[in-house]
Every structure is written in C-alpha cells, then in structure tokens.
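Take a look at the model below. The walk starts with a charged pair and then moves out to the whole fold.

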Amino acid sequence: EVTGPPHLLHVNLRADEAGDTLLHLVNYEIGSVDRVIPANDLRIALRMAGSVRSVKALRLERDLPFDAAGGRVEFTLPRLDEYEVIAVATAEQERW
C-alpha cells in the first residue's frame with residue numbers, strides 16, 4: 001500500500017534469489033518540459049513474513065526509519081524522483 005500526494009506511480013514488489021524483498025517505484029508524473037514531478041513523503045506499508053531488520057532506499061543511499069508490528073512494516077519515502085528501489089531485510093538477512 002502506497003499513500004501520499006496523488007501521483008502516477010508504477011509499483012513492483014519482488015523477492016530476489018536470496019529472499020530479500022525489493023520494492024521498485026517508478027514515478028510517471030510528468031510536468032512541463034518533460035520533467036518528472038517529484039513525489040514527497042510517500043507512506044508505504046508492506047505485509048512481511050519475518051522480523052524486519054532494515055529498510056533502505058538504494059538510490060537515495062539512505063536507511064529509512066520504520067515501524068514493524070503484526071506482520072507489517074511501515075515507512076516513509078521522503079522523495080521519489082524518477083525511480084527508487086527500497087530494500088527490506090528481515091532478521092535472517094542483511095546485505096545492503
């Protein structure tokens with residue numbers, strides 16, 4: 001679930017070979033002169049199996065604060081320009 005200012009987003013959630021959860025976000029909100037309008041403060045909630053250890057925005061190169069309880073993790077992406085990948089590691093793994 002992604003909430004925040006209205007934007008045209010493509011969201012893809014997948015696990016890689018190691019079982020890491022990767023959330024890909026693509027911003028298709030185009031303004032004047034073919035520039036993407038950034039999305040700010042997107043609130044994201046995911047259902048997760050296992051205890052979440054870390055959440056990191058890979059393109060921003062930033063660890064994100066998160067709340068995890070009841071099989072869900074929630075966090076805020078401060079800014080989405082064109083593209084971002086969020087890596088969510090459970091207690092069993094940490095690779096970033």
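Start at Arg79, which is partly exposed, with a relative accessible area of 37%. Its side chain forms a salt bridge with Asp81, and the closest N and O atoms are 2.9 Å apart. Asp81 is partly exposed too, at 30% relative accessible area. Elsewhere, salt bridges that share partners link Arg43, Asp67, Arg72 and Glu74 into one network. The structure holds four salt bridges.

This is a predicted model, so confidence comes next. The mean pLDDT of the protein is 87. Of its residues, 93% reach 70 or more. Confidence is lowest in S1, with a mean of 78. It is highest in strand S6, residues 62–63, at 96.

Now the overall fold. The protein has zero helices and nine strands. Along the sequence the pattern reads β-β-β-β-β-β-β-β-β. The C-alpha atoms fill a box of roughly 45 × 25 × 20 Å along the principal axes. For 96 residues, a compact globule would have a radius of gyration near 12 Å; the protein has 14 Å, which agrees. Of the 96 residues, 34% count as buried. Among contacts with a separation of 6 or more, 62% come from residues 24 or more positions apart.

How are the strands arranged? One open sheet has four strands, in the order S1-S4-S8-S7, with antiparallel pairing. Strand S1 (2–3) and strand S7 (66–69) stand at the edges of this sheet. Each has a single partner strand, so one side of each is left without a neighbour in the sheet.

Within that sheet, look at S4 and S8. Strand S4 covers residues 39–47 and strand S8 covers residues 72–80. They run antiparallel, and eight bridges join them. Leu42 is one point to check: its bridge partner in S8 is Leu77.

On to S7 and S8. Four bridges join these two strands, which also run antiparallel. Ala69 stands opposite Arg72 in S8. The hairpin of S7 and S8 has two residues between the strands. In this hairpin, Gly70 takes a positive phi near 60°.

The charged network can now be placed on this sheet. Glu74 and Arg43 meet through their side chains in a salt bridge of 3.3 Å, N to O. Glu74 lies in strand S8 and Arg43 in strand S4, so the pair ties together parts that are 31 residues apart in sequence. Glu74 has another partner, Arg72, with the closest N and O atoms 3.1 Å apart. How accessible are these residues? Glu74 is partly exposed, at 29% relative accessibility. Arg43 is partly exposed, with a relative accessible area of 29%. Arg72 is partly exposed, at 33%. Arg72 thus appears in two settings: it is opposite Ala69, and it is a salt-bridge partner of Glu74.

Turn to the other sheet. Five strands form an open sheet in the order S2-S3-S9-S5-S6, and the pairing is antiparallel. Strand S2 (9–15) and S6 stand at the edges. Each has a single partner strand, so one side of each is left without a neighbour in the sheet. Further in, S3 and S9 run antiparallel and are joined by six bridges. Follow Leu22 across: its bridge partner in S9 is Ala87.

What lies in the interior? The largest nonpolar core has 17 residues. Those with the most contacts inside it are Val55, Phe75, Leu77 and Ile86. The elements that give two or more residues to this core are strand S3 (21–27), S4, strand S5 (52–57), S8 and strand S9 (83–90). Of these, S4 and S8 belong to the four-strand sheet. S3, S5 and S9 belong to the five-strand sheet. Leu77 therefore has two roles to note: it is the bridge partner of Leu42, and it is among the core residues with the most contacts, where burial means under 20% relative accessible area.

Finish at Val55. Which residues does Val55 contact, leaving aside its neighbours within four places in sequence? The set is Arg62, Asp63, Leu64, Phe66, Val73, Phe75, Ile86, Ala87 and Val88. Two of the names, Phe75 and Ile86, are also listed with Val55 among the core residues with the most contacts. Another, Ala87, is the bridge partner of Leu22.

Note on methods
Residues numbered from 1 in each chain as written. Predicted model: local features only at pLDDT ≥ 70, side-chain atom pairs only at ≥ 80, totals over all residues. Heavy atoms only, no water. Pairing = 2+ DSSP bridges. pLDDT = per-residue confidence, 0-100. Buried < 20%, exposed > 50% of the residue type's maximum accessible area, 1.4 Å probe, protein only. Core = buried A, V, L, I, M, F, W, Y, C linked by side-chain atoms within 4.5 Å. Contact = heavy atoms within 4.5 Å. Rg over C-alpha atoms; globule rule 2.2 N^0.38 Å.
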